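Trainee: I am new to this one. Could we go through it together, asking how each label is earned?
Mentor: Happily, let us have a look.

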Amino acid sequence: METISVILLLLLAVVLSGALARMLPIVLPLPLVQIGFGALIASFASFRVELDPQVFFLLFLPPLLFLDGWRIPKDGLFRDKGTIIELAFGLVVFTVIGVGFFIHWIIPSVPLAVAFALAAVLSPTDPIAVSAIAARVPIPKRLMHVLEGESLLNDASGLVCMRFAVAAALTGTFSFTSALGTFLWVASGGIAIGIAVTWGASLANRWVARRFGDEAGSQVLVSLLIPFAAYLLAEELHCSGILAAVAAGMTMSYVERLGQSLVAARMRGGAVWDMVQFAANGIIFVLLGEQIPQIVAAAARSHGAIWMIVYVLAITLALAILRFLWVWTSLRFTLFRAARKGKAIMLPSWRLIAAASLAGVRGAITLAGVLTLPLALSDGTPFPARDLAIFLAAGVIVMSLVAASVGLPRLLKGLELPPEPSHQEEEDEARIAAAEAAIKAIERTQHELGLGRSDADLYVDASVRIMELYRQRIDGHLQTGEEAELMRRIDEIERQLRLAGLRAERDQIFQYARTRRLSDEVARRLVRELDLLEARFATG
């Protein structure tokens with residue numbers, strides 16, 4: 001019962017923190033509010049959550065990383081693949097070396113191998129935290145795609161670096177050749193397993209559906225199980241479960257394009273995954289806040305409070321400086337290659353580079369990774385500076401969130417950015433092609449349904465009415481210039497009028513249901529139809 005009570009309390013904290021974040025007069029990222037709620041729970045509650053890193057990784061990271069890989073725009077990911085790879089792998093190694101030596105220099109009591117392990121666990125940025133920041137700060141789309149792609153891939157490189165740093169601390173030896181070979185196996189194996197699990201599950205689901213029928217609930221459940229299956233299989237084979245979950249999600253986006261899932265499954269799946277993302281994201285940061293008091297208490301026993309704050313600030317600043325230098329150098333190299341190919345280049349503002357550096361916030365992966373530090377060395381003596389490393393990691397997480405929340409709005413305010421490529425022409429072309437396909441299908445179906453019937457004229461009249469709507473849509477998307485802009489304004493006016501009508505319909509149905517002039521079952525069905533129509537026009 002205590003475990004269930006803790007889970008319910010954490011979910012309640014997620015809900016309340018969301019409401020409080022909307023009420024606050026100042027804009028604060030939701031993760032910071034959730035961390036505060038977690039610390040408040042730890043101050044007054046009589047229980048403590050014993051955070052097992054392995055369980056933490058398994059419960060929260062696979063579904064969230066799977067969903068990020070599923071929904072991340074692939075065109076932006078492949079367009080900036082060079083920059084993303086440089087950040088996800090090159091920057092991690094640069095950070096481990098630079099920050100590792102820096103930590104050992106400012107805190108000599110921390111052995112060099114432990115300093116490298118701490119730097120490695122601080123090197124990955126967190127996709128969950130990046131998304132949470134972006135929800136309240138208008139980060140440019142292209143920069144956001146780069147940050148998301150980087151954070152999806154740098155977890156494996158950072159955690160592998162940490163694994164070898166810990167091994168060096170335990171054994172006193174390090175082999176670069178062995179580390180490189182292990183990294184290649186961990187990364188490539190994890191990606192291959194993620195792809196194979198998703199394709200295998202989709203093929204099996206399709207085979208069952210063709211022979212025995214399908215059900216929307218089972219499809220949604222399969223999508224929820226895939227990330228866990230990929231993660232567990234990869235970890236069993238000593239590969240990266242994190243990369244397996246990401247690769248599984250990216251593969252799912254391609255499986256989705258086949259269009260073979262049920263409409264109901266797509267609708268329910270979207271709602272289920274939105275709820276999973278909201279709840280899991282919130283619980284992660286509430287748990288982080290709940291852990292902070294005991295982390296601080298453990299570290300305070302051996303170090304002064306003022307010095308610990310100085311260490312956190314210094315390490316956070318060092319991470320930001322190294323990231324700025326790497327981003328600036330990487331950008332210059334990218335522009336140099338583009339210039340050699342004869343492409344037009346535009347030098348970005350230093351503020352944009354600073355924003356890219358500041359947006360590299362740390363989150364759940366850093367916390368879970370540092371908690372996996374062993375308790376003792378091979379000879380049984382306590383692992384050196386473990387409590388201090390955990391405190392420093394938690395402090396950097398909070399400081400990076402605060403710095404991004406305060407600094408990003410100021411850096412991005414009034415910043416002139418290169419124009420984002422417009423996809424309006426592609427969208428118009430797709431809508432015209434879809435409408436033409438619909439007209440052909442309606443004509444064919446009308447002939448099949450009305451063939452040999454005495455009331456065939458009814459089918460002709462019905463098909464003409466429907467096809468006229470599609471022809472109007474085609475005509476509207478064929479317009480160019482001022483005519484196109486006028487049609488878009490008319491469409492916007494029509495959308496607002498439709499929304500007003502739909503909301504009035506729903507209010508009337510609710511009134512009929514309250515006065516028992518309509519049964520609950522019929523009222524729910526009618527309201528669902530109106531909700532779907534409103535969702536369609538609300539995103540128009």
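Mentor: Helices here are DSSP runs of at least four residues, and strands are runs of at least two. By that rule, this predicted model has 20 helices and zero strands in the protein chain.

Trainee: How much of the protein chain is buried?
Mentor: Of its 540 residues, 42% are buried.

Trainee: Why is the pair of Trp 70 and Trp 273 called edge-to-face?
Mentor: Two values decide. The ring centres are 6.1 Å apart, and the limit for a pair is 6.5 Å. The planes stand at 80°, and edge-to-face needs over 60 degrees, so the label fits. It is one of seven aromatic pairs in the structure.

Trainee: What makes this pair a tie between separate parts of the sequence?
Mentor: Trp 70 belongs to helix H3 (residues 53-71) and Trp 273 to helix H12 (residues 263-300), so the pair links parts that are 203 residues apart in sequence. Phe 66 joins Trp 70 and Trp 273 in one aromatic cluster.

Trainee: How do you know whether Trp 70 is buried or exposed?
Mentor: Its relative accessible area is 15%, and buried means under 20%, so Trp 70 is buried. Trp 273, at 1%, is buried too.

Trainee: Why is the pair of Phe 102 and Trp 105 called tilted?
Mentor: The planes of Phe 102 and Trp 105 are 45° apart. Stacked needs under 30 degrees and edge-to-face over 60, with the rest counted as tilted, so this pair is tilted. Both residues lie in helix H5 (residues 81-106), three residues apart, so about one helical turn separates them.

Trainee: What makes Trp 105 exposed and Phe 102 partly exposed?
Mentor: Exposed means over 50%, and Trp 105 has a relative accessible area of 65%. Phe 102 has 23%, which falls between the cut-offs of 20% and 50%.

Trainee: How do you know that the charged end of Arg 517 sits over the ring of Tyr 512?
Mentor: The distance to the ring centre is 4.1 Å, and the limit is 6 Å. The direction must also satisfy the rule, and this contact is listed as sitting over the ring.

Trainee: What describes the packing of helix H10 and helix H11?
Mentor: Their angle is about 145° and their axes are 8 Å apart. The crossing of H10 and H11 is right-handed. Residues meeting there include Ile 226 and Tyr 231 in H10, and Ile 242 and Met 252 in H11. By class, the contact has eight nonpolar, one polar and one charged residues.

Methods: Residues are numbered from 1 along each chain as its sequence is written. This is a predicted model: local features need pLDDT of at least 70, side-chain atom pairs count only at pLDDT 80 or more; totals for chains, interfaces and linings use all residues. Side-chain values use heavy atoms; hydrogens and water are left out. Rings of Phe, Tyr and Trp (its six-membered ring) pair if their centres lie within 6.5 Å; planes under 30 degrees apart count as stacked, over 60 as edge-to-face and the rest as tilted. Buried means under 20% relative accessible area, exposed over 50%, partly exposed in between (1.4 Å probe, protein chains only). A charge sits over a ring if NZ of Lys or CZ of Arg is within 6 Å of the ring centre and within 35 degrees of the ring normal. Axes are lines fitted to C-alpha atoms, for helices over the stretch in contact, and angles run from 0 to 180 degrees between N-to-C directions. A crossing is left-handed if the near helix is turned anticlockwise from the far one by less than a right angle, and right-handed if clockwise. Contact means heavy atoms within 4.5 Å. Ala, Val, Leu, Ile, Met, Phe, Trp, Tyr, Cys and Pro count as nonpolar, Asp, Glu, Lys and Arg as charged, and the others, Gly among them, as polar.
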